[in-house]
Amino acid sequence: MPTNAPTPLSFAYWVPNVSGGLVTSTIEQRTDWSYDYNVALARIAEEAGFEYALTQVRYTASYSAEYQHESTSFSLALLLATQRLKVIAAVHPGMWQPGVLAKWLATADHLSNGRVAVNIVSGWLKDEFTKLGEPWLEHDERYRRSAEFIQALRAIWTEDPANLAGDFYRIRDFNLQPKPLSWDGRPHPEIFQGGNSTAARINGGRYSDWYFSNGNDFDGVTAQLADLRRVAADSGRAEPPRFGLNGFVIVRDTEAEAKEVLREIIAKADVPAVQGFGAAVRQAGASTTDQRGMWADSSFEDLVQYNDGFRTQLIGTAEQVAERIVAYRKLGVNLILAGFLHFQEEVEAFGRNVLPLVRELEAHAGLAPVPAPALP
């Protein structure tokens with residue numbers, strides 16, 4: 001189960017398993033969506049000190065992502081090519097039946113010695129569903145379906161037999177064998193779930209092991225954490241989910257150089273693609289009960305990095321970025337989900353120049369590292 005005991009901040013990176021990079025811009029991005037590039041990147045990240053990698057789920061071309069590798073198979077390939085890296089496979093309820101995914105994840109868990117995780121994505125791109133003949137539910141209904149999906153996964157992994165009588169899924173006397181690996185502190189593969197809306201926070205607070213947030217500033221993160229803690233307490237959880245924050249990282253020798261890179265990214269934005277993405281995500285969130293969809297207040301500049309990564313402001317020198325990361329840690333952030341312009345070289349440089357500073361600052365702030373549970 002999640003714990004708030006002092007532990008070192010974890011780091012994850014976005015896997016570029018879709019084409020186009022992490023910014024919708026014509027600026028040079030020395031990255032690639034191919035298998036060979038991503039295997040090399042995963043090994044670099046593992047050596048650099050990254051604990052997690054998150055594959056992206058996209059079923060059809062959209063907004064600069066012309067080509068897409070499927071997330072679960074790509075995740076397994078990266079797991080089998082590494083030794084320590086945990087890989088989070090992103091999936092859409094509605095595209096998967098939970099029992100089938102539970103079986104896939106249990107097998108992947110055995111093959112990787114307990115390193116697979118899952119990110120439940122409720123969906124924002126209507127075309128992905130309708131073009132495949134699947135119903136496009138309204139926003140809050142998509143999150144209700146995701147809540148049942150998470151409950152189904154956990155029941156199948158931990159109960160014999162598993163039963164669930166929901167509105168979207170029904171499981172009757174189902175026995176999964178073998179179960180995924182488990183040990184103290186990790187009863188089953190970790191379940192991540194993201195979003196900024198009220199419905200997303202309710203799901204995170206009630207059901208998820210981890211909550212992923214789009215990029216945000218200190219005030220926004222503080223408000224999200226307060227909501228998650230309230231929902232978790234109201235639902236009877238002993239502890240809230242752990243909190244992961246998206247951030248696009250630009251580290252250069254000087255702050256001015258880093259800010260110039262950001263300026264160039266936005267100046268060279270693919271305007272029609274950014275505007276199309278903005279229209280799609282606002283439509284997806286327009287049906288929320290309180291009009292607080294995931295990108296409800298995102299500006300054009302925010303949407304150039306499609307998960308609001310610039311808002312986290314991890315832009316500057318290594319020292320400045322490390323200090324800001326630890327400031328988020330003090331608020332209660334447990335993981336930074338990082339994106340980069342040039343993945344292989346910048347992930348390596350981040351591990352060499354930024355991570356040691358983060359660890360020093362954590363120690364100085366009394367956030368003493370506690371060893372993670374050993375893999376079986």
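The exchange below takes up how several labels in this predicted model are justified.

Trainee: Why is Leu-367 called buried?

Mentor: Leu-367, which lies in the segment after helix 13, has a relative accessible area of 15%, and because buried means under 20%, the label applies to Leu-367.

Trainee: What makes the pair of Arg-84 and Glu-47 a salt bridge?

Mentor: The closest N and O atoms of Arg-84 and Glu-47 are 3.1 Å apart, and since the cut-off is within 4 Å, the pair counts as a salt bridge. Arg-84 lies in the loop between helix 2 and strand 3 and Glu-47 in helix 1, so the pair ties together parts that are 37 residues apart in sequence.

Trainee: How do you know whether Glu-47 and Arg-84 are exposed or partly exposed?

Mentor: Glu-47 has 60% relative accessibility, and because exposed means over 50%, Glu-47 counts as exposed. Arg-84, at 46% relative accessibility, falls between the limits of 20% and 50% and therefore counts as partly exposed.

Trainee: What makes Arg-252 and Glu-346 a salt bridge, and why is Glu-346 called buried?

Mentor: The side chains of Arg-252 and Glu-346 meet at 3.0 Å, N to O, which satisfies the limit of within 4 Å; the pair links the loop between strand 9 and helix 8 with helix 12, 94 residues apart. Glu-346 has a relative accessible area of 10%, under 20%, and is therefore buried, whereas Arg-252, at 21%, counts as partly exposed.

Methods
Residues numbered from 1 in each chain as written. Predicted model: local features only at pLDDT ≥ 70, side-chain atom pairs only at ≥ 80, totals over all residues. Heavy atoms only, no water. Helix = DSSP H or I, 4+ residues; strand = E, 2+ residues; numbered from the N terminus. Buried < 20%, exposed > 50% of the residue type's maximum accessible area, 1.4 Å probe, protein only.
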